[in-house]
Amino acid sequence: MGDITREITYFEYCGEINTEKVLSLARERCGKLGIKKVVVASETGRSALKALEIFHGMNIEMIVVTHYPASTWGPKGDIPIGLMRKEYSKIREKLLEKGVKIIQGTRPFSPPSRHINWEYPTPEGIIDKILEIFGAGTKIAIEVALMATDAGEVDEGEEIISCAGTYKGLDTALVVKTAYSMNFFKNFEVKEIIAKPRCRVKELPEYKFKNWKGDLNKYYEWKMEKSE
């Protein structure tokens with residue numbers, strides 16, 4: 001096979017505003033390459049639900065990689081994250097009913113050794129910061145592909161599409177040849193970039209940064225349900 005020319009989409013902003021476009025582009029690339037598995041990073045299940053909608057009618061196996069139960073900051077108070085939390089039981093049940101695999105595990109670039117001292121330059125922390133040069137979405141897309149492989153939902157050496165984002169939502173999609181995390185340097189490959197932002201968020205909290213865009217109101221729906 002000779003040289004290949006494929007389009008890459010570069011977004012002006014990071015964040016949730018790009019979710020639907022990222023998934024539409026990922027769907028299109030699945031069709032072109034015959035890819036049968038898509039990994040989606042999703043802390044609350046909302047990106048995963050949108051992926052179900054976009055990939056409807058395709059013979060695609062969806063694997064959602066979620067955060068351990070925790071919380072993150074937001075403009076209207078903390079937002080619970082982690083699909084295994086009770087706040088997201090309805091979303092979780094819907095995903096499982098549709099055959100989605102949900103994985104929660106240790107992040108390979110943020111293992112216990114890194115948290116002895118967050119500023120201490122552990123090898124995993126160095127990898128994490130280097131990948132962040134390409135944007136949080138790129139880093140997380142690589143990380144969740146490794147986690148899905150470690151969990152046995154993706155075979156080592158399999159070509160998949162991995163989607164992730166910055167803070168909330170999706171803004172990055174990659175075609176990767178994945179590997180077990182222990183074989184990251186030996187076997188992992190980023191084969192194609194489908195979409196990513198041209199910028200990256202450099203200040204926290206992310207939602208206040210000029211290069212992040214998205215609708216965060218939906219991430220507080222759990223509060224409304226709780227009050228009913």
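This is a short walk through the fold, the cores, the largest pocket and a few single residues of the structure above. Keep in mind that the model is predicted.

Let's start with the sheet. Seven strands form an open sheet, in the order E1-E9-E8-E7-E2-E3-E6. The pairing is mixed. At the edges sit strand E1, residues 9-11, and strand E6, residues 101-104. Each of those two pairs on one side only. From one strand to the next, the twist averages 25°.

Now two pairs within that sheet. E2 and E3 run in the parallel sense, with five bridges. Here Val38 has Met62 in E3 as its bridge partner. E7, residues 159-164, and E8, residues 172-177, are antiparallel, with six bridges. Across that pair, Ile161 stands opposite Val175 in E8.

How covered is E3? Mostly: five of its six residues are buried.

Next, a helix on the sheet. Helix H5 covers residues 136-150. H5 lies across E2, E3, E6, E7, E8 and E9. Its direction is about 130° to E7.

On to the interior. In soluble globular proteins, nonpolar side chains tend to be buried together. In this model the largest nonpolar core has 41 residues. Which residues have the most contacts inside it? They are Val38, Phe55, Met62, Leu95, Ile161 and Cys163. Three of those names came up with the strand pairs: Val38 and Met62 as bridge partners, and Ile161 opposite Val175.

Several elements give two or more residues to this core. They are H1, E2, H2, E3, H3, E7, E8 and E9. The largest share, five residues, comes from H1.

Take Leu95 as an example. Leaving aside neighbours within four places in sequence, Leu95 is in contact with Ala48, Leu49, Leu52, Leu83, Val100 and Ile102.

There is also a second, separate core, with 23 residues. Val65, Ile142, Val144 and Phe184 are among them.

Now the empty space. The largest pocket has a volume of about 1300 Å³. Its lining takes in 44 residues. Which of them lie nearest the centre? Glu43, His67, Arg107, Lys139 and Ile140. At least two lining residues each come from H2, E3, strand E4 (70-72), helix H4 (123-132) and H5. H5 supplies the largest share, six residues. So keep two things about H5 together: H5 lies across strands of the sheet, and H5 also lines the largest pocket.

Last, three residues to click on.

One is Pro205. The peptide bond from Leu204 to Pro205 is cis, with omega near -5°. Pro205 is in the loop between E9 and helix H7, residues 221-227.

Two is Tyr167, in the loop between E7 and E8. Its phi is near 70°, a positive value in a residue other than glycine. Is Tyr167 buried or exposed? Tyr167 is buried, because its relative accessible area is 11%, and the cut-off for buried is under 20%.

Three is Gln104, found in the edge strand E6. Gln104 counts as partly exposed because its relative accessible area is 37%. What does Gln104 touch, not counting residues up to four places away in sequence? Thr66, His67, Tyr68, Pro69 and Met84. Met84 is 20 residues away along the chain, and the two C-alpha atoms are separated by 8.2 Å. His67 is also one of the residues nearest the centre of the largest pocket.

That's the tour.

Conventions. Residues numbered from 1 in each chain as written. Predicted model: local features only at pLDDT ≥ 70, side-chain atom pairs only at ≥ 80, totals over all residues. Heavy atoms only, no water. Pairing = 2+ DSSP bridges. Helix = DSSP H or I, 4+ residues; strand = E, 2+ residues; numbered from the N terminus. Axes fitted to C-alpha atoms, helices over the stretch in contact; angles between N-to-C directions. Contact = heavy atoms within 4.5 Å. Core = buried A, V, L, I, M, F, W, Y, C linked by side-chain atoms within 4.5 Å. Buried < 20%, exposed > 50% of the residue type's maximum accessible area, 1.4 Å probe, protein only. 1 Å grid on protein atoms, 1.4 Å probe; cavity = no way out; pocket = protein on both sides within 12 Å on 5 of 7 lines; lining within 4 Å. Points joined across faces, edges and corners; volume = space filled by probe spheres on them.
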